[in-house]
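User: I have a model open and want to learn how to read it. Can we go feature by feature?

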Amino acid sequence: YQTRLGSKSESDCIWCNANAYALMAAASCIPCQSGTVPVYDGSSASCSIHAVGVYGGGSAGVNQTTFSRFQLKYIEGIALLATVPTAAVQLSLTADTQLATRQRTFVRSSQSAPSTSFAVTVTVHRAVASQVIELVTQTAMQQYAHQNALPSVIMNSFTQSCGMGSAPTTDALECRFCDFGYYKHAIDNSSCLSCLADTFGNTIGATACLPCPSRSIASPGTTVCMCAVGAFGPNGGPCLACEEGTFKELDGNTKCTMCKEGTYGAAKGLVACVSCPPHSTSPRGSSQITDCVCAPGYETSDERHDNNGQWCVSCTTGKYKSSAGSSMCAPCEAAKFSASAASANCMTCDAGKYSLILGASSSSACSTCDFGKYATANGSTSCSPCEAAPGHVCVEGSVLKEGVACASHLFCPGGASGGTPKTIIIVGSIAALFLAGAIYVARSMT
């Protein structure tokens with residue numbers, strides 16, 4: 001191709017690189033996509049995946065400077081014989097020592113006579129490679145050199161490479177297509193290469209591996225891609241990002257998992273969900289931080305938006321909050337108390353005790369039922385009159401309305417009355433006996 005205006009010489013033209021082509025009178029080269037190479041066919045060209053290299057070489061009995069003056073002519077001659085465009089032929093100087101023997105038969109001078117070795121590569125479609133080998137021969141090239149007044153050359157026989165998508169077998173006796181997960185872009189006899197990470201090869205004889213679809217990955221040498229973390233779908237795709245409120249932490253075709261309680265996922269394609277602020281929780285599958293509400297025992301902080309503020313603060317003693325949400329802590333009801341902060345529930349006064357105090361922060365707020373009264377249930381706000389039968393009594397802290405059996409030293413009339421000590425009755429009886437005895441003695445004396 002050539003970009004200069006007004007150019008009058010072919011020497012101003014620039015060769016395209018090995019992975020691009022240009023047609024006649026081109027101002028730029030057209031690059032081939034990965035896995036293809038330029039193949040010229042007469043006046044047309046295209047990027048092909050079926051290209052092979054036809055290799056040959058030779059030697060001329062002139063120095064490199066002289067040979068270089070005629071190099072383009074040699075390229076034109078090879079192209080003419082092979083019936084391919086000159087752009088398909090590459091000729092480069094080389095130090096080929098294998099031609100030494102044949103050079104001696106050609107160079108009829110002293111051993112110090114100049115000699116230039118060269119290598120030739122003709123890039124063609126696989127289907128016409130044999131044609132190049134048959135047409136570009138030693139005799140044909142010598143005739144061309146003679147007809148065009150060029151230094152005569154010795155040509156090696158051309159050989160065909162395995163080319164793109166195939167490589168020689170271990171014994172080099174035949175070519176074999178690259179296996180799944182492998183590729184070969186070169187037109188030579190090099191080995192097939194393993195597909196790189198995050199690419200895949202799902203065909204035999206691939207000249208390039210394909211990139212994995214969006215949100216998918218692959219290990220080297222893989223034939224199919226799988227969905228990456230944060231995405232779901234079948235192996236090979238398509239892979240979709242996990243929705244808000246879900247996540248996926250492993251590669252593969254597993255499904256996305258809902259964010260667990262106490263976490264949330266505010267974006268798509270998450271690998272993990274974010275924990276709610278301290279002392280707050282959220283329903284399963286939450287997708288916003290605003291789904292996080294204060295846990296039981298905690299209430300919304302007035303300072304939650306301050307730099308050092310907490311999202312939720314604990315209920316103080318004497319208060320409680322039994323469920324998660326935005327509600328505030330409430331004081332303990334009568335006959336209940338909360339002795340510690342962050343209480344989800346208040347404790348109740350034991351049976352036999354009662355309390356009318358609201359927001360109590362200690363069990364000392366619970367008072368014991370007096371004699372003659374009882375409280376059967378926990379959390380009583382008052383004590384009831386005893387219903388004891390005669391001989392029974394409700395002692396302090398009684399939990400039964402029937403009371404308990406009266407002690408032997410007490411007189412218990414029953415009901416809500418307490419017990420009276422029997423010692424008073426005994427003393428009175430002794431005094432009566434003593435008085436009766438004194439009267440009897442007096443009568444006897446008279």
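Analyst: Start with exposure. A residue is called buried under 20% relative accessible area and exposed over 50%, with partly exposed in between. Keep in mind that this is a predicted model.

User: Is Asn17 buried or exposed?

Analyst: Asn17 has 53% relative accessibility, so it counts as exposed. Asn17 sits in the segment before strand S1 (20-21). Its C-alpha atom is 9.8 Å from that of Pro38, 21 residues apart along the chain.

User: And how exposed is Asn148?

Analyst: Partly exposed, because its relative accessible area is 34% and the partly exposed class runs between 20% and 50%. Asn148 is in the loop between H5 and S8. A polar atom of the Asn148 side chain lies 2.8 Å from the backbone oxygen of Tyr144. The C-alpha atoms of Asn148 and Lys73 are 8.5 Å apart, with these positions 75 residues apart along the chain.

User: How do I read a core?

Analyst: In soluble globular proteins, nonpolar side chains tend to be buried together. Here, the largest nonpolar core has 35 residues. Val122 and Val136 have the most contacts inside this core.

User: Which helices and strands each supply at least two residues of this core?

Analyst: The strands are S5 (51-60), S6 (89-94), S7 (116-125) and S8 (153-155). The helices are H2 (71-82), H4 (129-135) and H5 (138-147). H2 gives the most, with 6 residues. Another core, of 6 residues, lies apart from this one; Phe337, Cys349, Ala365 and Cys366 are among them.

User: What does Val122 touch, leaving out residues up to four places away in sequence?

Analyst: Its contacts include Val52, Gly53, Val54, Ile78, Val132 and Phe158. Val84, Ala88 and Val89 are also among them.

User: How do I read strand pairing around S7?

Analyst: Look at the sense and the bridges. S5 and S7 pair in the antiparallel sense over 10 bridges. There, Val54 has Val122 in S7 as its bridge partner. S6 and S7 are also antiparallel, over 6 bridges. Gln90 has Thr121 in S7 as its bridge partner. S7 is mostly covered, with 8 of its 10 residues buried.

User: Last one. Where is the pLDDT below 50?

Analyst: Begin with the whole chain: the mean pLDDT is 85, and 85% of residues reach 70 or more. Over residues 97-111 the pLDDT is below 50, and this stretch has 21 contacts in the model beyond near neighbours in sequence. Residues 424-446 are also below 50, with 0 such contacts.

How values were computed:
Residues are numbered from 1 along each chain as its sequence is written. This is a predicted model: local features need pLDDT of at least 70, side-chain atom pairs count only at pLDDT 80 or more; totals for chains, interfaces and linings use all residues. Side-chain values use heavy atoms; hydrogens and water are left out. A nonpolar core is a set of buried Ala, Val, Leu, Ile, Met, Phe, Trp, Tyr and Cys residues joined through side-chain atoms within 4.5 Å. Buried means under 20% relative accessible area, exposed over 50%, partly exposed in between (1.4 Å probe, protein chains only). Helices (H or I, at least four residues) and strands (E, at least two) are DSSP runs, numbered from the N terminus. Contact means heavy atoms within 4.5 Å. pLDDT is the predictor's confidence in each residue, from 0 to 100. A polar contact is a pair of N or O atoms within 3.5 Å; within protein, one must be able to donate a hydrogen and the other to accept it, and residues adjacent in sequence count only if both atoms are side-chain atoms. Two strands pair if DSSP finds at least two bridges between them.
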